Amino acid sequence: MKMTKKMMMTLAAVLCCVMITTVFTSCKKDNDKYDYKITVTAGGMLTGDAAVNWSYQVMSVYQTALNIDSDEFTMDGEEEECNKYVFDTCKKAERNLPAGGAGKIIVYNRTTNKPVYIREI
């Protein structure tokens with residue numbers, strides 16, 4: 001089967017489209033969105049109102065540090081940079097945690113299904 005010039009040009013165009021599509025879909029995006037969730041679980045001897053109050057105070061410390069007003073938030077950027085910012089900010093917030101309580105704080109990257117920060121008191 002002899003290829004005509006028109007067939008060769010069509011084949012070259014299709015091959016070019018396939019290569020361009022492969023290059024652009026395989027590149028890492030510069031700005032992705034990552035969803036995070038903070039959980040605070042009171043532990044130790046804390047029960048009832050004391051546990052709720054301590055959990056609220058701890059959550060407030062992390063929300064203030066991260067400049068958010070909910071237990072869920074989103075960040076734009078590269079995964080490593082977003083996770084590092086969250087981790088570093090939470091580490092700095094530890095010095096403002098209320099005394100006299102016990103429990104566990106986890107900041108979870110829900111987009112990647114990985115914990116970014118864990119603190120047990």
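A salt bridge is counted here where a side-chain nitrogen of Lys or Arg lies within 4 Å of a carboxyl oxygen of Asp or Glu. The exercises below apply this rule, and a few others, to a predicted model.

**Exercise 1. Describe the overall fold: how many helices and strands does the protein have, and in what pattern do they follow one another along the sequence?**

Solution. Begin with the inventory, which comes to 3 helices and 4 strands. Next, read along the sequence, where these elements follow the pattern α-β-α-β-α-β-β. Then turn to the contacts with a separation of 6 or more, of which 67% are between residues 24 or more positions apart. Finally, consider the surface: of the 121 residues, 30% count as buried, while the accessible surface comes to about 8,700 Å², with 58% of that area belonging to carbon and sulfur atoms.

**Exercise 2. Determine how many salt bridges the rule gives, and work out which parts of the sequence the pair E72 and K37 ties together.**

Solution. Applying the rule gives a count of 8 salt bridges. One of them joins E72 to K37, with the closest N and O atoms 3.6 Å apart, a distance that satisfies the limit of 4 Å. Now place the two residues: E72 belongs to strand 2 (residues 72-77) and K37 to strand 1, so this pair ties together parts that lie 35 residues apart in sequence. As for exposure, where the partly exposed class runs between 20% and 50%, E72 falls into that class with 39% relative accessibility, and K37 is likewise partly exposed, with 23%.

**Exercise 3. Examine the salt bridges of K84 and R119: which partner does K84 have, and which partner does R119 have?**

Solution. Start with K84, whose partner is D88, the closest N and O atoms being 2.7 Å apart. Both K84 and D88 lie in helix 3 (residues 79-93), where their spacing of 4 residues corresponds to about one turn of the helix. K84 is exposed, since its relative accessible area of 51% is over the 50% cut-off, whereas D88, at 28%, is partly exposed.

Continue with R119, which forms its salt bridge with E94 at 3.6 Å between the closest N and O atoms. Because R119 lies in strand 4 and E94 in the loop between helix 3 and strand 3, the pair ties together parts that are 25 residues apart in sequence. R119 is partly exposed at 29% relative accessibility, but E94, at 17%, counts as buried. To complete the survey, salt bridges with shared partners join K37, D71, E72 and R110 into one network.

**Exercise 4. Decide whether D32 is buried or exposed, and list what surrounds it.**

Solution. First locate D32, which lies in strand 1 (residues 32-42). Its relative accessible area is 18%, and because the buried class covers values under 20%, D32 is buried. The side chain of D32 is joined to that of Y34 by a polar contact of 3.4 Å. Beyond its neighbours within four places in sequence, D32 is in contact with M75, D76 and G77.

**Exercise 5. Analyse the pairing of strand 3 with strand 4: in which direction do they run relative to each other, parallel or antiparallel?**

Solution. Strand 3 (residues 103-109) and strand 4 (residues 114-120) run antiparallel and are joined by 6 bridges. Within this pairing, N109 stands opposite K114 of strand 4. The hairpin has 4 residues between its strands, and in it N113 takes a positive phi near 60°.

How values were computed
Residues numbered from 1 in each chain as written. Predicted model: local features only at pLDDT ≥ 70, side-chain atom pairs only at ≥ 80, totals over all residues. Heavy atoms only, no water. Buried < 20%, exposed > 50% of the residue type's maximum accessible area, 1.4 Å probe, protein only. Polar contact = N/O pair within 3.5 Å; in protein donor to acceptor, adjacent residues only side chain to side chain. Contact = heavy atoms within 4.5 Å. Pairing = 2+ DSSP bridges. Areas by Shrake-Rupley, 256 points an atom, 1.4 Å probe, with all protein chains shown as cover.
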